[in-house]
Structures are given as structure tokens and as C-alpha cells.
Amino acid sequence: MKEPRADATSVDPTLLVDSTQGEIATVEAAEEVLVLAFCAHDARGPDIATLPQAGLAIGRGCVAFTGGALLDPRLSRAHLAIQWRGDELILRDVGSRNGTWLNGAPVTDEVPLLLGGVVRAGNCLFVRARRLAGRPAVAADPEIVGSSGVMLELRRSIASVAPHA
């Protein structure tokens, strides 16, 4: 049996790394983050919020992201909550007007939010990921934004699991 290769083909695809380093760093110093991948009513590029042990409440006006408050009018003021339960992250809609979707399915109860999970709330798409501690925010990382073939595939993947109603 072949040994797994120790290159980019065997790396966790949800791990965000600083491409300016030219190598993939170890995972030991990774922190859990929620990436704001897209928001139709916000001119900023991708943004990031850490997922603290106390959990995270997302809604219109939420200031957990580095770029400031979320301004999407389709987000309820209190839209969704993400909470740690042991080592697992749990996602739940908190009575939003327009609903919350995880990987293309409506969230009607508490559900696990796994690495790479795509959440749609209002006109915003969020992705659970890991970031190496001390690395720059997503907006500063050229591998996360752009029009490369990888980014086009990422956009197609997000569209397939988080269609807009």
C-alpha cells in the first residue's frame, strides 16, 4: 500500500494559510474561524471572525468580523447562533425571518457545523475554517480572493450547496 503524500494533496482544504510563506505550516497553532465569504450588501472582500468558546451570535449589525458590522437587510438582528458543545460546533437559527441554510439544506433544529460547512443567512455566505494563529486576516491573503481556477471552483461549490432562494 502506498504511503500518503506529504504535499498539498493531503492537506486539510479548510485550513487557511499565508501564501506569502510559500509552504504549508503545521496545524498545531490553528484557531477555528468563521469566514464571511460573500455578502451582497457589503463592499468588503472576504472577512473573518474567530469562534470563541462562548460562541458567536450572527445578525444584522454583528460586529464580530474584522471589517465591522454586517449590513445585510435580509439578516435578522438576531439571525443564528454558533455554540461549542464539547469539541463540536453547533449551528441553530434563532427565529430569523428569512431562515438559515447549511450546505443547501434549511436549518430547522440544532445541527453540527463541520469544517468546510457553508452557511447562508440573508445574502451572506459563511464558511467554517481553521486559520493558523498569528496569520493575517483572509482579506490580506491572495489565495482566498481572486479569479484563479481554484477560486472559480470554490464559487461553483458554494453556489451548489447554498443556492439563493
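This section describes the fold, the strand pairing, the nonpolar core and several individual residues of a predicted model.

The protein contains one helix and 11 strands, and, when the elements are read along the sequence, they follow the pattern β-β-β-β-β-β-β-β-β-β-β-α. The protein has 165 residues, of which 36% are buried. The accessible surface amounts to about 9,100 Å², and carbon and sulfur atoms account for 56% of this area. When contacts between residues at least 6 apart in sequence are considered, 50% of them join residues that are at least 24 apart.

Strands of a sheet pair through backbone hydrogen bonds, in either a parallel or an antiparallel manner. In this model, four strands form an open sheet in the order β4-β5-β6-β9, and their pairing is antiparallel. Strands β4 and β9 are the edge strands of this sheet, since each of them pairs on one side only. Strand β4, which covers residues 56-58, is joined to strand β5, which covers residues 80-85, by three bridges in the antiparallel sense; within this pairing, L56 has I82 of β5 as its bridge partner. Strand β5 also pairs with strand β6 (residues 88-93), again in the antiparallel sense, and here the pairing extends over six bridges, with R85 matched to E88 in β6. The two strands β5 and β6 form a hairpin in which two residues lie between them, and G86 in the turn has a positive phi of about 70 degrees.

A positive phi is also found at a residue of another kind. Most residues other than glycine have a negative phi. N103, however, has a positive phi of about 50 degrees although it is not a glycine. This residue, N103, is placed in the loop between β7 (100-102) and β8 (105-106), where it is partly exposed, with a relative accessible area of 40%.

The interior of the protein can be described through its largest nonpolar core, which has 23 residues; those that touch the most other members are L34, I58, F65, L70, I82, L91 and F126. Several strands contribute to this core, with β2 (30-39), β4, β5, β6, β10 and β11 (124-132) each supplying at least two residues. The surroundings of one core residue, L91, illustrate how segments from separate parts of the sequence meet: leaving aside residues up to four places away in sequence, L91 touches L80, A81, I82, T100, L102, V107, D109, E110, V111, L113 and V119.

Burial is not confined to nonpolar residues, as D47 in strand β3 (residues 47-50) shows. The relative accessible area of D47 is 4%, and D47 is therefore counted as buried. Its side chain makes a polar contact with the side chain of T66, at 2.3 Å. Apart from residues up to four places away in sequence, D47 touches L34, V35, L36, F65, T66, G67 and G68. One of these neighbors, V35, is found in strand β2 and is likewise buried, at 7% relative accessibility. The C-alpha atom of V35 is separated by 6.9 Å from that of P46, a residue 11 positions away along the chain.

A contrasting case is L114, which lies in the loop between β9 (111-112) and β10 (118-121). With a relative accessibility of 56%, L114 counts as exposed, because the cut-off for that class is over 50%. The C-alpha atoms of L114 and L89 are 7.1 Å apart in space, although 25 residues separate the two in sequence.

Finally, the cysteines were examined. A disulfide is a covalent bond between the sulfur atoms of two cysteines. The structure holds zero disulfides. For C62, the closest cysteine sulfur is that of C124, at a distance of 9.8 Å, which is too far for a bond, given that a disulfide requires the two sulfur atoms to lie within 2.5 Å. Both residues are nevertheless buried: C62 has a relative accessible area of 9%, and C124 has a relative accessibility of 0%.

Methods
Residues numbered from 1 in each chain as written. Predicted model: local features only at pLDDT ≥ 70, side-chain atom pairs only at ≥ 80, totals over all residues. Heavy atoms only, no water. Buried < 20%, exposed > 50% of the residue type's maximum accessible area, 1.4 Å probe, protein only. Pairing = 2+ DSSP bridges. Contact = heavy atoms within 4.5 Å. Areas by Shrake-Rupley, 256 points an atom, 1.4 Å probe, with all protein chains shown as cover. Core = buried A, V, L, I, M, F, W, Y, C linked by side-chain atoms within 4.5 Å. Polar contact = N/O pair within 3.5 Å; in protein donor to acceptor, adjacent residues only side chain to side chain.
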